[in-house]
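Please open the model in a viewer and keep the selection panel at hand. The tour proceeds by selections, each followed by a description of what is found there.

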Amino acid sequence: MFDPVLLRSLAATPLRVQYAVLPVPVPVPAPVSARVPVSEAAAAGGGRGWAVLRVTLHGAGATGIGEATLLPCAAAHGHDAVRAQLASAEAGLVRGISPSELPALLPPGPSRSAVDAALWDLFAKRSGLPAWELLGVPPPRPLPGIRTLPLLPPAELEAELRGGDGRGHRFAHGSGHGPGSPKLNLRLGAGSVEDDLARLDAVRRHRPGAWLMADAGGTWDPDRLHTMLPRLAEHGVRVLQQPLPDAESGALVTLRRPFPITADLAHGGAADPGRLAARYDGVALGLDAVGGLTAALALMEEAWQRGLLVLLGSPPATARSWAATLHAAARADLLSIPPALRVPGEPPERSMTAERHGRGRTGEPHDGCCGGRWCRE
């Protein structure tokens, strides 16, 4: 991967650290975290809404910016918790630091993810090299993405699959979220087995030829998993994500399955890859969950060595944070494209999809997806 000697030379400069928590509108259709309505999730999180954490690092005449999403239902993403983490790490950051040293200062989560992205952005600007070249990964390129269907009751899901529900809940064509997208992820587990089956039936009625994966979000028990496996296979499901809570995942060790089952690292944190390989066939991870691009690349390398497939995704994200995710995309087997977030009052980024992400240094013009911060001409 990256050159440690070069990174040490770039890190040997004091930094000035700024950070801000910026409220953002809930994406439409509203993504649902932990299988509960957004209104309930916000209530569980003390009334907090969606927000973006922006970290800005200044050093040696250059500025690096990184962003991460703060989920309204996650206690560790609370504004006070994030500010306390960054305040405790500030003394280490101002002395100058390499991304590989961040785990000693910050736990896995959005705080470390935003700082990690800001460091890579800063080092890219200071060195005059694109971030992907510093990282030792291929340049971002067009990749097919998976569209996650919103967690709606079956009747509303049918309306969504027909192209809209009359209330403006419609995905834009060509964004990785359009009804014609060839790869779909269906969230399950919000209700009964019958509800799950109705949602599967709705997808297959309206998208009979779509590549389909399912995400149970850790809501099933082993009995429900045994009931659902053959029905998922009948509906042509290709991958199942996190069917059981982590505490019950031992049931997967001897389970015969018709398709791969992946662990979601957002549920179990930075789980031991050896333990994961004994129970799962793959891992689903996002930069904000594991602590940034540096941590994600290391986990993906270990997963590859253990024969695990990798699903790379993100919660709803700004174009700036998605640009960081795309630098790991070449090492992923599957890529899940999130809904877009935009900070009010700021100009919209032109695109955040893998298909349109800027291709600086590859002979094509940058399309404005991240303002040139990651894909330098």
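A residue counts as buried under 20% relative accessible area, as exposed over 50%, and as partly exposed in between, using a 1.4 Å probe and protein chains only. The model is predicted, so local features need pLDDT of at least 70 and side-chain atom pairs count only at pLDDT 80 or more, whereas totals for chains, interfaces and linings use all residues. Residues are numbered from 1 along each chain as its sequence is written, and side-chain values use heavy atoms, with hydrogens and water left out.

**Salt bridges**

A salt bridge is a side-chain nitrogen of Lys or Arg within 4 Å of a carboxyl oxygen of Asp or Glu. The whole structure contains 13 salt bridges.

Select Arg-257 and Asp-281, whose side chains form a salt bridge at 2.8 Å, N to O. The two belong to distant parts of the chain, 24 residues apart: Arg-257 is in the loop between strand S7 (237-241) and strand S8 (261-264), and Asp-281 is in the loop between helix H10 (273-279) and strand S9 (282-286). Helices (H or I, at least four residues) and strands (E, at least two) are DSSP runs, numbered from the N terminus. Arg-257 is partly exposed, at 22% relative accessible area, and Asp-281 is likewise partly exposed, at 27%.

While salt bridges are displayed, add Arg-54, Glu-67, Arg-320 and Glu-346, which are joined into one network by salt bridges that share partners.

Next, select Arg-205 and Glu-158, a salt bridge with an N to O distance of 2.0 Å. Arg-205 lies in helix H7 (residues 193-206) and Glu-158 in helix H6 (residues 154-162), so this pair ties together parts 47 residues apart in sequence. Is each partner buried or exposed? Arg-205 is exposed, with a relative accessible area of 52%, while Glu-158 is buried, at 18%.

**Helix H8**

Now select residues 222-234, helix H8, whose 13 residues should span 18 Å at 1.5 Å a residue (the expected span being 1.5 Å times one less than the number of residues). The end C-alpha atoms are 19 Å apart, which agrees.

Centre the view on Met-228, where H8 bends by about 30°; the bend is the angle between axes fitted to the seven residues ending there and the seven starting there. A proline, Pro-230, follows within four residues.

Colour Arg-224, Leu-225, Met-228, Leu-229 and Leu-232, the buried residues of H8. These pack against H7, strand S6 (211-215) and S7, contact meaning heavy atoms within 4.5 Å. Finish at Gly-236, which follows H8 and has a positive phi, near 75°.
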